[in-house]
Amino acid sequence: MSETVKVKSEVNGTNVTAKEKSDVKVKIQKFGSYLSGMVMPNIGAIIAWGLITALFIPTGWIPNKDLATLVGPMITYLLPLLIGFTGGRMVGDIRGGVVGATATMGVIVGSDIPMFLGAMIMGPLGGFIIKKFDKLIEGKVKSGFEMLVNNFSAGILGGALTLLAYKGVGPVVEGLSKFLASGVQFIVDHNMLPLANIFIEPAKVLFLNNAINHGILSPMAIEQASKAGKSILFLLETNPGPGLGILLAFWLFGKGTAKQTAPGAVIIHFLGGIHEIYFPYILMKPMLIFAAMAGGVSGVFTFSVLHAGLVAAPSPGSIFALLAMTPKGGYFATLAGVIVATGVSFAVASLILKTSKATVEEDLTSAAVKMEAMKGKKSSVTSVLTTQDEIKPEHVNKIVFACDAGMGSSAMGASILRNKVQKAGLDITVTNTAINNLPEDADVVVTHRDLTDRAKAKLPNAKHISVENFLNSPRYDELVNSLKK
């Protein structure tokens, strides 16, 4: 009998195993991470462009004809080149970044629209080709000719890819971009855009939020904003209303740890903009995904009716970031969409929490906590429920908290864990990063349970710890206590 546990699911007449489903989810997350990984590091530049646009264009806060001339070159050249360089560097390090940016110039000049999609193609392609070339000639270059070969190989390959992009890739990507833009416009014109959140909200909870926002929506939204001065697409994924409503419902009607941590999660989510903080609450009670979907749909409907839109991507999705990226005269529309989404999400989530019974996991957790409280000490029995691979303190010098982008939940988790490590008097480095950038010298890797498979695939030799609640996970104290022994 196979060791893999089979799940009874008919797909094309075959049984799909739990492992296969997990592998598919990991692959989708990984692909999405690559897409968002090209955009996320350049969010600062996108925000800079958005602020300059909001301030100095003719309809901006302080119109200035001279300074407004910065808007066009930044969106046409600067942003695509940064994305192309980042994509190339992700695949082929610095040389890959240089070749990727050079190749991106071909699609920029070969089209009449901002080439974000082209940059996301040519950047990684340039990095991949130079990486393969370097591997091909490794150990075959005579001493003294290394610099000559390195410089000319990057130049020749970069130039060839630029010509290919100019003549072949640019026109194709431009046609594809126009097709996608017309599709989005059709959806907007027929008032169907709110339905997008039926798919966006569940995808977010599977940690595809950065991929959806920065890998798919932002490139199209930036194109729209360059022509119309704003885009509603910036608000589809970043609206904090659906998550805020769910957290408020837990605050008022939740139980146990979920209720206790909800107030802090509200601040981190709504003000700090780290949306990942509310994902575990939904994963703990999956029915709440309907609350998120209802809030998302109602919020986008409100945005559509009031013609809301932002000038650039608000990152992170904090209410402060949303307001900063709101154009002159658009604050009522933005705030109305957030408030409506919060209210609808709160109403649905409250109904679910008040009518549903505690899950097995919640009962198990609360029972374990009560038992330890009665014993007055840590129970060896409950530790069986959360057993991790044995961690030997003498082998741990670096702990890395990893998430999809390496900026949101991982930074928060690393900060909490770092404080605990310091208070315990341990000389151990605690840092955070994206899963794709996990360092080879990481001894312990901490991730959310839905991301652990990806982390293990990236760094199989490290010890891996899964958490469910970023704010108050018992795994933090368990780890610190094991390292103190």
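**Surface patches, helices and salt bridges**

Lys132 is partly exposed, with a relative accessible area of 46% (buried is under 20%, exposed over 50%, partly exposed in between; 1.4 Å probe, protein chains only). The model is predicted, so local features need pLDDT of at least 70 and side-chain atom pairs pLDDT 80 or more, while totals for chains, interfaces and linings use all residues. Residues are numbered from 1 along each chain as its sequence is written, and side-chain values use heavy atoms, without hydrogens or water.

Lys132 lies in helix α4 (helices, H or I of at least four residues, and strands, E of at least two, are DSSP runs numbered from the N terminus). Together with Lys30, Lys131, Lys135 and Lys458, Lys132 forms a positive surface patch. Patch members have over 30% relative accessible area and no salt bridge, with like charges joined within 9 Å and nonpolar side chains (Val, Leu, Ile, Met, Phe, Trp, Tyr) within 5 Å; Lys and Arg count as positive, placed at NZ and CZ respectively. Helix α4, residues 116-137, contributes the most to this patch, namely three residues.

The same helix also has a buried set, which includes Phe116, Met120, Met122, Pro124, Ile130 and Ile137. Gly118, Gly123, Gly126 and Gly127 are among the buried residues of α4 as well. The 22 residues of α4 should span 32 Å at 1.5 Å a residue, and the end C-alpha atoms are indeed 32 Å apart (the expected span is 1.5 Å times one less than the number of residues). After α4 comes Gly139, with a positive phi near 80°.

A second patch is nonpolar: Leu51, Leu55, Trp61, Ile62, Tyr331, Leu335 and Ile339 make a surface of about 620 Å² (Shrake-Rupley areas, 1.4 Å probe). Helices α2 (43-56) and α12 (331-355) each supply at least two of its residues, and α12 provides the largest share, with three. Leu55 belongs to α2 and is partly exposed, at a relative accessible area of 32%.

Positive phi values also occur in residues other than glycine. Asp93, within helix α3 (residues 71-109), has a phi near 60°. His307 has a positive phi of about 60° and is placed in the loop between α10 (289-305) and α11 (319-324); with 60% relative accessibility, His307 counts as exposed. Another exposed residue is Gln260, with a relative accessible area of 61%, in helix α8 (residues 256-271). Its C-alpha atom is 8.7 Å from that of Phe250, a residue 10 positions away in sequence.

The structure holds four salt bridges (a Lys or Arg side-chain nitrogen within 4 Å of an Asp or Glu carboxyl oxygen). In one, Lys204 pairs with Glu237, with 4.0 Å between the closest N and O atoms. This pair links distant parts of the chain, for Lys204 is in helix α6 (residues 197-228) and Glu237 is in the loop between α6 and α7 (241-253), 33 residues apart. Lys204 is buried at 0% relative accessible area, and Glu237 is buried at 5%.

Asp441 and Lys398 meet in another salt bridge, at 3.1 Å from N to O. Asp441 lies in the loop between β4 (429-434) and β5 (444-448) and Lys398 in strand β3 (residues 398-403), so the pair ties together parts 43 residues apart in sequence. Asp441 is partly exposed, with a relative accessible area of 46%.

A further salt bridge joins Asp477 and Lys420, also 3.1 Å from N to O. Asp477 is in helix α16 (residues 474-484) and Lys420 in helix α14 (residues 409-423), so this pair ties together parts 57 residues apart in sequence. Asp477 is partly exposed at 38% relative accessibility, and Lys420 is partly exposed at 27%.
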